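Q: I'm new to this structure and would like a close look at one part of it. Could you pick a strand, walk me through its surroundings, and then show me a few other spots for context?

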Amino acid sequence: MHRPERERAESAARQEAAQLTARDVRAVALTWVDNAGITRVKAVPTARLAHAARWGVGMSPVFDVFLTDDSAVTSAHIGGPTGDLRLLPDLGRLTVLAAQPGWAWAPVDRHEQDGRPYAACQRGFARRMAERAAADHGLRLRMGFETEWVVTRDGGDDKDGKDDKDANDRLRYACSGPAYGMTRLVELSDYLRDVLDALTAQEIEVLQLHPEYAPGQFEVSVAAADPVGAADLAVLVRETVRAVSRRHGLEAQFGPVVDAGGVGSGTHLHLSLLRGERNLCRGGDGPSGMTAECAAFLAGVLRELPALLALGAPSPASHLRFKPSHWAGIFACWGPENREAAIRFVPGPPDAADQANAEVKCFDGAANPYLAAGAVIAAGLAGIEAGLTLPPPVTGDPAVTGGQRRLPAAPADVLDRFTRSELLRTALGDPLFEAVAAVRRAEVRQYEGAAPQEIADATRRRY
C-alpha cells in the first residue's frame, strides 16, 4: 500500500473504531486461513484498529507451512523463524460478532513489510482469480459454501482433555433424532434458533438450516457472494457456529469425519457464472440447458478435480469420507441433481433462471476456502480457454451402474496429481504452490499407517 492508501485506510478505521466503541466492542479478531485449513488469528484492541489498518499487524510467514497439529515444515520459499508480514484488515468485511460479546471480526490481506502483496496470500489468490475471470472473459462468479458440522456434548475426551482409542465409542452426540428428522430440530431448537439469530445479526442471509444424515450433524447454507466474499463467509459462519455452540455447552466439530465408519461432513461449493446479470448456467443449448461457456468451465473443473482435491479435500481425514453411495461425490463425473457425482448440476425451477448453479460435492471442511474458490476458478477458466466439452451426464449411483472413474482414493495419489499440475502451479504461483505441496507431503507422512479412527480423532476438532 502507498502512503495515500494507508492514510485513507487509517481514517476509515478511526470512524469504524468509534462506532465499535459505541457498541461496547473491545477488540477485533483478524483472521486468515493457512494451508492446513486452520483459521489463525491476531487480535487488536478497538483503539488500535486505525493503527492496524495503516501499518498492519505483524505475523510470521511460517504459518503457511504449519500442520493441523501445529508442527511446522519448510518449503522451497517459506519456512523457518526469519521474516515478517503485515496483516491488513479488510474494513469492508468488519463484523460485530453476535455470539462473542465485545468482539468484532475482519479478514486480512497479507502484505510484505514494504507494502507489496504477499505472494502466498490465499485470500489474494482468490481475488486474483476472480479478477482474471472478469478481465479475460467478462465473467462474474457467484459462490457459496455449505457448512456441515457435528454437535457433541463432551467432544469425546478423557478428563485430561486428550482423545483416547475409544473416543468414538464415548462420543455424546447432542441429539438423538433421525437423519433430517424434525426430532433433532425439537431437541436442539434453542441452540439452532441462537445460531440463526447470530448469523442474522451479522447480516448473513441464511438460506437453509437443517439436520443432516450423520448423528448430531447439521448444515447451514447462506446466500451466494463474490468468490472472496464467499470464502470470508465460510470462515465467519464456522466461527459463529462454534461460538454459539460453546455458549450452549456444546462443541461443533467441522472435521471431514468424526466417526470413521460413518458419513462425513462436507463443505460443498456452489457456483454460478454470470455475464452482466445473465446466469450462464441457464438459457443455453448446452447440456441441461446451460450455455456452452458454462459447460466448458465445468469441464475444466472436472478435468482438474484429481489435483483440486489437494485444496478442496486436503486432509488424510478427507479420504475417510470418500465412500461409494455416501453422497460424497467421489466419482469423476457430473449429472443433473446427482448427489453421487463429483459435480452436481442444479438447474433450478424452470421459471427461476437465477437459481441455476453447479455444486462441487467432494470438498470438505479441511479446505482453505480461499484456495478452493480460487483454484476452481483457475480450472474453469482453463476449460473455457481450451474449448472443453462435458462428457455425457451420469444418472443414478455410479457405484451401482459402473463405468465411471473414481477420484484418487489416497492422499499420496492426490499429492502426485497436484504436484504435476502445471495449471495450478501457474495459478497459485511458486511460493504458494510449494507451501501447499510441503504441507500435503508432511500430512501424508504424518498419518501413514494410522488407523482410520486415529486419523479422525486427531483432526475432527482442529478445523
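A: Here is a tour that starts with one strand and its partners and then moves on to other places in the chain. Keep in mind that this is a predicted model.

Let's begin with strand 1, which covers residues 27-33. Seven of its seven residues are buried, so the strand is largely enclosed by the rest of the structure. Side chains in a regular strand alternate between the two faces of the sheet. Here, Ala27, Ala29, Thr31 and Val33 point one way, while Val28, Leu30 and Trp32 point the other way, and all are buried.

Strand 1 has company. With strand 6 (residues 103-111) it pairs in the parallel sense, over five bridges. If you want a spot to look at there, find Leu30, which stands opposite Ala106 in strand 6. With strand 2 (residues 39-45), strand 1 runs antiparallel, and seven bridges join the two. Strands 1 and 2 form a hairpin with five residues between them. In the turn sits Gly37, with a positive phi of about 90°.

Now follow Trp32 across to strand 2, where its bridge partner is Arg40. Arg40 has a second link worth a look: its side chain meets that of Asp34 in a salt bridge, 2.9 Å from N to O. Side chains of opposite charge can pair when their charged atoms come close. Both ends of this pair are tucked away: Arg40 is buried at a relative accessible area of 12%, and Asp34 is buried at 0%.

That pair is part of a bigger picture, as a search of the whole structure finds 33 salt bridges. In one of them, Arg54 and Glu7 have their closest N and O atoms 3.9 Å apart. Arg54 lies in helix 2 (residues 49-55) and Glu7 in helix 1 (residues 3-22), so the pair ties together parts that are 47 residues apart in sequence. Arg54 counts as buried at 15% relative accessibility, whereas Glu7 is partly exposed at 35%. Another salt bridge, between Arg193 and Asp190, spans 3.3 Å from N to O. Those two residues both lie in helix 6 (residues 189-201), three residues apart, or about one turn of the helix. There's also a network of salt bridges linking Asp90, Arg93, Asp109, Arg123, Arg127 and Asp232.

For another polar meeting point, hop over to strand 11 (residues 269-275), where you'll find His270. His270 counts as buried at 17% relative accessibility, and a polar contact of 2.7 Å joins its side chain to that of Glu146. Beyond its close sequence neighbours, His270 touches several residues, including Arg142, Met143, Arg344 and Asn357.

Leu309, in helix 8 (residues 292-312), is buried too, with a relative accessible area of 0%. Among its contacts outside its sequence neighbourhood are Phe322, Cys362, Leu407 and Val414.

To finish, let's go to the surface. Tyr180, Tyr213 and Trp327 make a nonpolar surface patch of about 370 Å². Of these, Tyr213 lies in the loop between strand 8 (206-211) and strand 9 (217-222). Another loop, between strand 13 (331-336) and strand 14 (341-346), holds Glu337. Glu337 has a phi near 55°, a positive value in a residue other than glycine, and it is partly exposed at 37% relative accessible area.

Notes: Residues are numbered from 1 along each chain as its sequence is written. This is a predicted model: local features need pLDDT of at least 70, side-chain atom pairs count only at pLDDT 80 or more; totals for chains, interfaces and linings use all residues. Side-chain values use heavy atoms; hydrogens and water are left out. Buried means under 20% relative accessible area, exposed over 50%, partly exposed in between (1.4 Å probe, protein chains only). Helices (H or I, at least four residues) and strands (E, at least two) are DSSP runs, numbered from the N terminus. Two strands pair if DSSP finds at least two bridges between them. Patches are made of residues with over 30% relative accessible area and no salt bridge: like charges are joined within 9 Å, nonpolar side chains (Val, Leu, Ile, Met, Phe, Trp, Tyr) within 5 Å. Accessible areas come from the Shrake-Rupley method with a 1.4 Å probe; for residues, only the protein chains shown count as cover. A salt bridge is a side-chain nitrogen of Lys or Arg within 4 Å of a carboxyl oxygen of Asp or Glu. A polar contact is a pair of N or O atoms within 3.5 Å; within protein, one must be able to donate a hydrogen and the other to accept it, and residues adjacent in sequence count only if both atoms are side-chain atoms. Contact means heavy atoms within 4.5 Å. Lists of a residue's contacts leave out its neighbours within four places in sequence.
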